[in-house]
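Work through the exercises below with the sequence and the model open beside you. Try each task before you read its solution.

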Amino acid sequence: MRISKKAVLPVVFTVGILLFATTALADIVSKSGYDTLKDGLKQSAASCSEKFNNFTLDYSFAIKYNGEIISSQNDVKKFDRLNGATEDSSRSLSPDGKVSDSYYYTDKNTWINGTDIGTGNEAYYYTEYTQERETDVFDNPFKQDEAEDVEKIVDAVVGSLKDHVVVQENADGSKALSGSLSEVQIPALVNAVASLQVKQALSGQNSYSARIPVLTQDIYVKQIEGSATVNSDGLLDYILATVILSGKDAQEQVHEITMETLVKLTDINETIVQKPDLSGKKVQRTTERTSAGPQISNPEKFIGTFKNDIIIEQEGKFVKIGERILKIAHVESANIAGEYSEKYREGFETYAQNALTFTFDATTSNQTKSDAMFEFRDNDGSNRSGSIYLDEANAKVYFNLNMSSGSYDSVFSPVLE
């Protein structure tokens with residue numbers, strides 16, 4: 001699954017917050033609180049993917065400045081592992097004050113995506129499959145290829161921070177963990193990572209910069225507070241974390257930004273995932289075959305041209321200097337093939353000298369996935385790699401190039417008449 005550009009900032013910050021929060025939760029008598037928390041995360045993830053019949057995950061995230069919520073997101077995800085069904089209700093507040101609700105439901109025979117919920121213009125896209133699909137309701141993140149390496153990095157960052165904690169062992173066998181770190185206790189490595197994440201996340205985010213000062217220098221984590229509960233079965237009930245970032249803008253004024261996140265695991269074996277009643281609703285229905293390749297209803301509809309703009313900042317303004325063009329010629333089984341090119345406007349010949357053009361033939365080793373990998377040569381003749389992902393829900397293509405330099409937008413939209 002790929003993440004939309006609007007969701008990039010919350011995801012970047014949330015990953016950082018969870019990393020910081022785990023460093024704040026430390027020692028208990030016989031086993032460190034950090035290890036207790038990590039074991040709780042692992043056991044919970046394993047149980048969700050292999051043991052629980054059904055469960056609910058509630059995720060909330062907020063960015064605050066001067067006590068005001070600038071942006072927030074809440075997702076309530078319901079999982080029915082036995083019946084292969086998932087239901088997701090989401091509400092987000094964007095920096096421009098717009099509240100958006102969305103809805104998603106899927107099972108072995110059905111895919112439903114609701115848009116503009118609660119606006120009076122809500123619409124539902126309903127796809128019914130002619131054959132049952134294989135559905136992986138919850139994918140254990142600790143089973144991913146990169147999980148072990150990420151865990152080692154987190155362990156190294158935690159280091160000796162395993163003493164800053166208050167632990168309460170309750171009579172029922174559960175453990176309440178809480179911790180706090182001040183700026184003098186936070187390692188330089190954590191601050192370096194935080195500074196990089198903030199600069200990358202806010203880069204080009206005009207909606208954020210209109211309400212939050214853009215921090216450009218002396219960025220550091222001023223304070224971290226975290227709490228969590230591990231029940232008597234070793235499962236994580238919730239994790240709550242707050243991070244306060246401090247930094248200076250271009251005029252060297254100091255600002256603080258607060259980020260909060262809460263994740264809860266609830267209603268284990270009591271969650272009901274039910275197909276929505278769409279009577280009286282605006283519904284666009286389609287019936288599709290089950291694809292043996294990329295797991296989308298009708299992969300052939302992605303054959304065609306997709307584009308996005310090449311944009312630079314010039315004299316304090318954003319200027320379109322050209323287009324990235326993606327032509328998909330073939331989508332079948334585990335193969336996606338086509339051509340990528342860049343076209344620049346007149347007057348920007350300097351950029352055009354480095355225009356990239358190549359054909360690609362992407363394949364995936366797992367035919368139930370819609371990610372496909374490919375190799376290409378850059379303008380220096382060096383071998384590079386990339387990936388392509390077909391996003392059916394949003395009619396987008398994510399075309400990622402593993403290049404070491406330059407600004408690149410990986411999200412492509414279809415060229416429609």
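The exercises go from the whole chain to single residues of this predicted model.

**Exercise 1. Confidence**

Task: State how confident the predictor is over the chain, and find where pLDDT stays under 50.

Solution.
Step 1. Take the average: the pLDDT of the chain is 79. A score of at least 70 is reached by 79% of the residues.
Step 2. Look for the weak part. Residues 1-30 keep a pLDDT under 50. For these residues the model has 93 contacts beyond four places in sequence.
Step 3. Decide how to treat such a part. Where pLDDT is low, predicted coordinates should not be read in detail.

**Exercise 2. The chain as a whole**

Task: Describe the chain by its helices and strands, its burial and its contacts.

Solution.
Step 1. Count the elements: there are 6 helices and 20 strands.
Step 2. Consider burial. The chain has 417 residues, and 42% of them count as buried.
Step 3. Consider the surface. The accessible area of the chain is about 22,300 Å², and carbon and sulfur atoms account for 47% of it.
Step 4. Consider the contacts between residues at least 6 apart in sequence. Of these, 56% link residues at least 24 apart.

**Exercise 3. Nonpolar cores**

Task: Find which residues touch the most other members of the largest nonpolar core, and which strands each supply at least two of its residues.

Solution.
Step 1. The largest nonpolar core has 20 residues, and the ones that touch the most other members are Ile328, Phe358, Phe360, Ile388, Val397 and Phe399.
Step 2. At least two core residues come from each of β14 (317-332), β15 (335-344), β16 (358-363), β17 (371-377), β18 (383-391) and β19 (396-401).
Step 3. Take Phe399 as an example. Beyond its neighbours within four places in sequence, Phe399 has contacts that include Leu326, Tyr340, Phe358, Phe374 and Ile388. Phe412 is also one of the residues in contact with Phe399.
Step 4. Another core, of 19 residues, lies apart from this one; Tyr65, Ile186, Leu245 and Ile257 are among its residues.

**Exercise 4. Salt bridges**

Task: The whole structure has 10 salt bridges. For the pairs Glu260 and Lys64, Asp88 and Lys77, and Lys320 and Asp309, find which strands are tied together and whether each residue is buried or partly exposed.

Solution.
Step 1. Recall the principle: side chains of opposite charge can pair when their charged atoms come close.
Step 2. Glu260 and Lys64 form a salt bridge at 3.4 Å, N to O. Glu260 is in strand β11 and Lys64 is in strand β1 (residues 54-65), so the bridge ties together parts 196 residues apart in sequence. Glu260 has a relative accessible area of 27% and is partly exposed; Lys64, with 23%, is partly exposed.
Step 3. In the pair of Asp88 and Lys77, the closest N and O atoms are 2.6 Å apart. Strand β3 (residues 85-93) holds Asp88 and strand β2 (residues 68-80) holds Lys77, so parts 11 residues apart in sequence are tied together. Burial means under 20% relative accessible area, and Asp88, at 13%, counts as buried. Lys77 has 30% and is partly exposed.
Step 4. Lys320 and Asp309 meet at 3.1 Å, N to O. Lys320 belongs to strand β14 and Asp309 to strand β13 (residues 304-314), so this pair ties together parts 11 residues apart in sequence. Lys320 is partly exposed at 25%, and Asp309 is partly exposed at 34%.
Step 5. Look for shared partners. Lys307, Asp309, Lys320 and Glu323 are joined into one network by salt bridges that share partners.

**Exercise 5. Partners of β20**

Task: Find how β20 pairs with β13 and with β19.

Solution.
Step 1. Strand β20 (residues 411-414) pairs with β13 in the antiparallel sense, over 2 bridges. Here Pro414 of β20 stands opposite Phe306.
Step 2. The pairing of β19 with β20 is antiparallel, over 2 bridges. Here Val397 has Phe412 of β20 as its bridge partner.

**Exercise 6. Positive phi**

Task: Locate Glu252 and Asn269 and give their phi values.

Solution.
Step 1. Recall the background: most residues other than glycine have a negative phi.
Step 2. Glu252 has a positive phi, near 65°, and sits in the loop between β10 (236-248) and β11 (254-266).
Step 3. Asn269 has a positive phi of about 60° and lies in the loop between β11 and β12 (283-288). With a relative accessible area of 43%, Asn269 is partly exposed.

Methods: Residues are numbered from 1 along each chain as its sequence is written. This is a predicted model: local features need pLDDT of at least 70, side-chain atom pairs count only at pLDDT 80 or more; totals for chains, interfaces and linings use all residues. Side-chain values use heavy atoms; hydrogens and water are left out. Helices (H or I, at least four residues) and strands (E, at least two) are DSSP runs, numbered from the N terminus. Buried means under 20% relative accessible area, exposed over 50%, partly exposed in between (1.4 Å probe, protein chains only). pLDDT is the predictor's confidence in each residue, from 0 to 100. Contact means heavy atoms within 4.5 Å. A nonpolar core is a set of buried Ala, Val, Leu, Ile, Met, Phe, Trp, Tyr and Cys residues joined through side-chain atoms within 4.5 Å. Accessible areas come from the Shrake-Rupley method with a 1.4 Å probe; for residues, only the protein chains shown count as cover. A salt bridge is a side-chain nitrogen of Lys or Arg within 4 Å of a carboxyl oxygen of Asp or Glu. Two strands pair if DSSP finds at least two bridges between them.
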